[in-house]
Amino acid sequence: MDINSIVSPENLVYAKPEIMNDNYMHYCPGCSHGVVHKLVADVIKELGLQEKTIGIAPVGCAVFAYKYLDIDWQEAAHGRAPALATAVKRLNPDKMVFTYQGDGDLAAIGTAETIHAANRGENIAIVFINNGIYGMTGGQMAPTTLKDMKTATSPEGRDVQTMGNPLKISDMLALLDGVCLVTRQSVHTAAAVKKAKRMIKLAFENSMAGKGTSIVEIVSTCSSGWKMTPEAANDWMVENMFPVYPLGDLKNV
């Protein structure tokens, strides 16, 4: 039975967005991706953009995003989503074009594509999932991995003397004139989810208004890669990730 048929709209707290398919998600328990997918679906529905939205999904945990949201999708080579989004938006300026990227994709192999698309002020939205690790390929160190954080390729912790500092790429992108919005959010609490949804909606509205590039970073957990329970991962994120990647707007013009 459809829950909407038995629950009045004013009392309805949660329902699966119509844009989300019934496919079983492949994400690990506690993963933030499923929550962010729902927010993206909610925003697209609320803005009435289902027929106008084109998502770009590259390599990473969200490579199968096209299985879950009933919109048009393009698959991009690893790191190249902003370059592909540039072409899609320029050829279809009336469409809402967004990329959905992890930190390994956006801040490592795709650093150049991300920076140059943002510097040009391409009218795209970028949803950036930052869990500080390469989640899909085995938990290796990523550019965003924290100092002293243990990963498969930094088993004794990230040594900044030999491995460099965590890359705060959103802070870098906020300096570019072509960027109209950079915000850092999370989805670990109900209040955080509401804020994240509001900023994703603003990013999509910016794309349609031709204001330039919008980046919504979601500081996230990776229970499997971090080798923690979902609850412990949330606590670890708050204690360790947030001081390095503090939540809030970095740029909003």
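**Exercise 1. In what sense, and over how many bridges, do E4 and E8 pair?**

This is a predicted model, in which local features need pLDDT of at least 70, side-chain atom pairs count only at pLDDT 80 or more, and totals for chains, interfaces and linings use all residues. Residues are numbered from 1 along each chain as its sequence is written, and side-chain values use heavy atoms, with hydrogens and water left out.

Step 1. Fix the terms. Strands (E, at least two residues) and helices (H or I, at least four) are DSSP runs numbered from the N terminus. Two strands pair if DSSP finds at least two bridges between them.

Step 2. Read the pair. E4 and E8 run in the parallel sense, over six bridges. Within this pair, asparagine 130 has valine 219 of E8 as its bridge partner.

**Exercise 2. Place E4 in its sheet, and find the strands at the edges.**

Step 1. Write the order. The open sheet has seven strands, E2-E1-E3-E4-E8-E7-E9, with mixed pairing.

Step 2. Find the edges. Strand E2 (72-75) and strand E9 (248-252) each have a single partner strand, so one side of each lacks a neighbour in the sheet. From one strand to the next, the twist averages 15 degrees.

Step 3. Follow the other parallel pairs. E3 and E4 are joined in the parallel sense by five bridges, and threonine 99 stands opposite isoleucine 126 in E4. Strand E1 (residues 53-57) and strand E3 (residues 96-102) are also parallel, over four bridges; here glycine 55 has phenylalanine 98 in E3 as its bridge partner.

**Exercise 3. Is E4 buried or exposed?**

Step 1. Apply the cut-offs. Buried means under 20% relative accessible area, exposed over 50%, and partly exposed in between (1.4 Å probe, protein chains only).

Step 2. Count. Six of the six residues of E4 are buried, so the strand is largely enclosed by the rest of the structure.

Step 3. Sort the side chains by direction. In a regular strand, side chains alternate between the two faces of the sheet. Ala125, Val127 and Ile129 point one way from E4, while Ile126, Phe128 and Asn130 point the other way.

**Exercise 4. Describe the largest nonpolar core and the part played in it by H1.**

Step 1. Define the core: a set of buried Ala, Val, Leu, Ile, Met, Phe, Trp, Tyr and Cys residues joined through side-chain atoms within 4.5 Å.

Step 2. Identify its members. The largest core has 33 residues, and those touching the most other members include Val36, Phe98 and Phe204.

Step 3. Assign the elements. Helix H1 (33-46), E3, E4, E7, H7 and E8 each give two or more residues. H1 gives the largest share, six residues.

Step 4. Take one member. With contact meaning heavy atoms within 4.5 Å, phenylalanine 204 touches residues including Val40, Ile44, Phe98 and Val127.

**Exercise 5. Which residues of helix H4 are buried, and how do they lie around its axis?**

Step 1. List them. In H4 (residues 111-120), the buried residues are Thr111, Thr114, Ala117 and Ala118.

Step 2. Look down the axis. These residues fall within an arc of 150 degrees (taken from the directions from the helix axis to the C-beta atoms), so they line one face of the helix.

Step 3. Note what follows. Glycine 121 comes after H4 and has a positive phi, near 70 degrees.

**Exercise 6. How many disulfides are there?**

Step 1. Apply the rule. A disulfide is a pair of cysteine sulfur atoms within 2.5 Å, and the count is zero.

Step 2. Check one cysteine. For cysteine 31, the nearest cysteine sulfur is that of cysteine 61, 6.3 Å away.

Note on methods: Axes are lines fitted to C-alpha atoms, for helices over the stretch in contact, and angles run from 0 to 180 degrees between N-to-C directions. Lists of a residue's contacts leave out its neighbours within four places in sequence.
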